[in-house]
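Colleague: Got a minute to walk me through this one? I'd like to know what I'm looking at.

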Amino acid sequence: MKTLASIAICFILSISFGISQDFDYSFSEKYTVSTPAQLSVSSSDGNIDVISSTGNEIKVYYIARKDGKLLKIDRKELEKEVTLEVSQNGNRLEISVRHKENFSSWNMNQVNVSFKIFTPSETTGILHTSDGNIALSGLSGDQECKTSDGNIGISEVKGHATGIT
């Protein structure tokens, strides 16, 4: 009986941890917005995943990698590697990540930044990446997606969506 109870508790805890976080990230930031929210993300070399959530905040998970390995760094350390611009004006959030001016496409030792973003379901988006995938799920509002070298996945989105790859 104790063994069965122990297994049940372990199972419940593993599900709880799995729901709360099932991905690795470098750091995260939260922004309070009203709806409908407007999200603009531009990345020179990374994936952009936008998922609907409840509430009135946009939670941005920054996933910085170098040589394919996750970097456990904060925003200040990331800004030493890339040009990061974040601005919020009311319900509009804009994020832009670019390689520094000394960037060379042949430099394999560069930092790439991807995003996993949880936002209110009523969010319009403008998402651009040069070399990465874009995924949208559960949003209500117009969406514009553009990637030079990647895939675009759109699931359960209400509104006009355009995608260019």
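Modeller: Sure. Let's start at glutamate 156, which is in the loop between β12 (152-155) and β13. Keep in mind that this is a predicted model.

Colleague: Is glutamate 156 buried or exposed?

Modeller: Glutamate 156 is exposed, with a relative accessible area of 67%. Its backbone deserves a look too: phi is positive, about 55 degrees, although the residue is not a glycine.

Colleague: Which residue in the loop between β4 and β5 should I look at?

Modeller: Try aspartate 67, which sits in that loop, with β5 covering 69-70. Aspartate 67 has a positive phi of about 55 degrees and is not a glycine. At 53% relative accessibility it counts as exposed, because the cut-off for that is over 50%.

Colleague: OK, and where is the cis peptide bond?

Modeller: Between threonine 35 and proline 36, with omega at about 0 degrees. Proline 36 belongs to the loop between β1 (27-32) and β2.

Colleague: Let's move to the sheet. What is the strand order in the open sheet of 6 strands?

Modeller: The order is β6-β7-β2-β9-β11-β13, and the pairing is mixed.

Colleague: Which strands stand at the edges?

Modeller: β6 (82-89) and β13 (161-164). Each has a single partner strand, so one side of each has no neighbour in the sheet. As for the twist, it averages 5 degrees from one strand to the next.

Colleague: Remind me, what do strands of a sheet pair through?

Modeller: Backbone hydrogen bonds, and the pairing can be parallel or antiparallel.

Colleague: And how many bridges join β2 to β7?

Modeller: There are 6, between β2 (residues 37-43) and β7 (residues 92-99), and the two strands run parallel. If you want a pair to click on, valine 41 has isoleucine 95 in β7 as its bridge partner.

Colleague: While we're on β7, what about histidine 99?

Modeller: Histidine 99 lies in that strand. It has 16% relative accessibility and therefore counts as buried, the limit being under 20%. Its side chain makes a polar contact of 3.4 Å with the side chain of serine 44.

Colleague: Now threonine 147. Which strand is that in?

Modeller: Threonine 147 is in β11 (residues 143-147). With 2% relative accessibility, it counts as buried.

Colleague: What does the side chain of threonine 147 reach?

Modeller: The backbone oxygen of threonine 129, at 3.5 Å. A polar atom of the threonine 147 side chain also lies 3.4 Å from the backbone nitrogen of aspartate 149.

Colleague: Switching again: which strands does β3 pair with?

Modeller: β8 is one of them, joined to β3 by 6 bridges and running parallel to it. One bridge there takes aspartate 49 to lysine 116 in β8. β3 also pairs with β10 (residues 134-137), again in the parallel sense, over 4 bridges. On that side, isoleucine 48 has isoleucine 134 in β10 as its bridge partner.

Colleague: What about isoleucine 51?

Modeller: Isoleucine 51 is in β3, which covers residues 48-53. At 25% relative accessibility, isoleucine 51 counts as partly exposed. Its C-alpha atom is 4.9 Å from that of serine 137, though the two residues are 86 apart along the chain.

Colleague: Last topic, pockets. What volume does the largest pocket have?

Modeller: About 190 Å³. It is lined by 13 residues, and the closest to its centre are Gly46, Asn47, Arg65, Val113 and Ser114.

Colleague: Which strand gives the most to that lining?

Modeller: β8 does, with 5 residues. β4 (57-66) and β8 (111-120) each supply at least two residues of the lining.

Colleague: And how does the lining of the largest pocket split by class?

Modeller: You get 3 nonpolar, 5 polar and 5 charged residues.

Colleague: Great, so β8 comes up twice: it joins β3 through 6 bridges, and it supplies 5 residues to the lining of the largest pocket.

Modeller: Yes, that's right. If you're picking residues to display there, Val113 and Ser114 are among those closest to the pocket centre.

Note on methods
Residues are numbered from 1 along each chain as its sequence is written. This is a predicted model: local features need pLDDT of at least 70, side-chain atom pairs count only at pLDDT 80 or more; totals for chains, interfaces and linings use all residues. Side-chain values use heavy atoms; hydrogens and water are left out. On a 1 Å grid over the protein atoms alone, a cavity is a set of points where a 1.4 Å probe fits but cannot get out, and a pocket is an open set with protein on both sides within 12 Å along at least five of seven lines; lining residues have an atom within 4 Å of a point. Grid points are joined across faces, edges and corners, and a volume is the space filled by probe spheres set on the points. Ala, Val, Leu, Ile, Met, Phe, Trp, Tyr, Cys and Pro count as nonpolar, Asp, Glu, Lys and Arg as charged, and the others, Gly among them, as polar. Two strands pair if DSSP finds at least two bridges between them. Axes are lines fitted to C-alpha atoms, for helices over the stretch in contact, and angles run from 0 to 180 degrees between N-to-C directions. Buried means under 20% relative accessible area, exposed over 50%, partly exposed in between (1.4 Å probe, protein chains only). A polar contact is a pair of N or O atoms within 3.5 Å; within protein, one must be able to donate a hydrogen and the other to accept it, and residues adjacent in sequence count only if both atoms are side-chain atoms.
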